[in-house]
Amino acid sequence: MQKYVIGINIASAMIVVAFLVGAPTMAKSINAPYSEQFRMDKGEAYGTIASIQSQEGDSPAWLVSGHWKTNIINKTMDDFNQSNPASFDAMFSMVMLNGSAKHQHNISNFSLTDVKVENDTTVYKGQTTVTMKEGPVTEIPTEIKIHNNNVISIWFDPTKVKIHFGVSPIYGAVITEKEMKSKDSIDHKNNT
């Protein structure tokens, strides 16, 4: 049994690594339905979501994939005000590892309450709205971490979402502006 669990964990990790490493080139092929909602405007960052979410007992259960966009990276609380609010939006699908129960979530209405830097990680705390089966759930305590400007982790207070996303953060990749401008990466609109 232990070999089986180790095998699943290794396979899950390989899937996530493949998504994270290949994100910039894979994203080019999925440019259309996200092109308008997730195009990168000046001062914004964009990336992919590619995560394996575990349920009870740390068993891998769900594949989560999608996109996110924000203007908070490398900024402080002082950079935002009423006319220039912090934003974080995401759209992702969840599907069980056996291919069943596929569904989608949207994250919006981010309100920033705190920014802290811990070594090479910046932690942005706030509240978001998450679409769920029963409808949107508002004012969910949310923590967004940017690790070395390359990896993002998104955590929602599990009590507010009935542990729907499991017990671990949702992970993804930060796509740099250089990668966005690469001819092998995402087609984008140049907003200068």
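A salt bridge is taken here as a side-chain nitrogen of Lys or Arg within 4 Å of a carboxyl oxygen of Asp or Glu. In the predicted model, the side chains of K145 and E143 meet this criterion, with an N to O distance of 3.8 Å. K145 is partly exposed, since its relative accessibility is 23%. The pair does not stand alone, as K125, E143 and K145 are linked in a network of salt bridges.

In total, four salt bridges are counted. One of them joins K69 to E44, the closest N and O atoms being 3.7 Å apart. This pair links distant parts of the chain: K69 belongs to strand β2, whereas E44 lies in the loop between α2 (31–34) and β1, and 25 residues separate the two. K69 counts as buried because its relative accessibility is 12%. E44 is likewise buried, with a relative accessible area of 19%. A further salt bridge is formed by K116 and D114, whose closest N and O atoms are 3.8 Å apart. Here K116 is partly exposed at 43% relative accessibility, and D114 is partly exposed with a relative accessible area of 25%.

The strands that carry several of these residues belong to a closed barrel. Eight strands make up the barrel, in the order β1-β2-β3-β4-β5-β6-β7-β8, and their pairing is antiparallel. From one strand to the next, the twist averages 30 degrees. Strands of a sheet pair through backbone hydrogen bonds, in either a parallel or an antiparallel manner.

Within the barrel, strand β5 (residues 121–132) and strand β6 (residues 135–147) run antiparallel and are joined by eleven bridges. A hairpin connects β5 to β6 through two residues. In this pairing, V130 stands opposite V137 in β6, while T121 stands opposite H147 in β6. Strand β6 also pairs with strand β7 (residues 151–156); these two run antiparallel, with six bridges between them. I146 faces its partner I152 in β7, the two standing opposite each other. The β6 and β7 strands likewise form a hairpin, with three residues between them, and N148 in the turn has a positive phi of about 50 degrees.

Strand β3 (residues 88–96) includes S93. With a relative accessibility of 19%, S93 falls under the 20% limit and therefore counts as buried. Apart from neighbours within four places in sequence, S93 is in contact with L63, V64, S65, K102, H103 and Q104.

The largest nonpolar core contains 31 residues, and those with the most contacts inside it are W68, F88, F92, F156 and F165. At least two residues of this core come from each of β1 (45–54), β2 (60–70), β3, β4 (103–118), β5, β6, β7 and β8 (170–175). The surroundings of F156 illustrate this core. When residues up to four places away in sequence are not counted, F156 touches I107, T128, V130, I140, P141, T142, V161, F165 and I170. Among these contacts is V130, the residue that stands opposite V137 in β6.

Aromatic pairs were also examined. A pair of aromatic rings is described by the distance of the centres and the angle of the planes. Four such pairs are counted in the model. F88 and F110 form an edge-to-face pair, at 6.4 Å centre to centre and with 65 degrees between the planes. F88 lies in strand β3 and F110 in strand β4, so the pair ties together parts that are 22 residues apart in sequence. Both F88 and F110 are buried. By contrast, the rings of F156 and F165 have their centres 5.2 Å apart and their planes at 45 degrees, so this pair is tilted. F156 is buried, with a relative accessible area of 6%, and F165 is also buried, at 4% relative accessibility. Beyond the individual pairs, W68, F88 and F110 form one aromatic cluster. W68 and F88 are also among the residues with the most contacts inside the largest nonpolar core.

Terms used: Residues are numbered from 1 along each chain as its sequence is written. This is a predicted model: local features need pLDDT of at least 70, side-chain atom pairs count only at pLDDT 80 or more; totals for chains, interfaces and linings use all residues. Side-chain values use heavy atoms; hydrogens and water are left out. Two strands pair if DSSP finds at least two bridges between them. Helices (H or I, at least four residues) and strands (E, at least two) are DSSP runs, numbered from the N terminus. Axes are lines fitted to C-alpha atoms, for helices over the stretch in contact, and angles run from 0 to 180 degrees between N-to-C directions. Buried means under 20% relative accessible area, exposed over 50%, partly exposed in between (1.4 Å probe, protein chains only). Contact means heavy atoms within 4.5 Å. A nonpolar core is a set of buried Ala, Val, Leu, Ile, Met, Phe, Trp, Tyr and Cys residues joined through side-chain atoms within 4.5 Å. Rings of Phe, Tyr and Trp (its six-membered ring) pair if their centres lie within 6.5 Å; planes under 30 degrees apart count as stacked, over 60 as edge-to-face and the rest as tilted.
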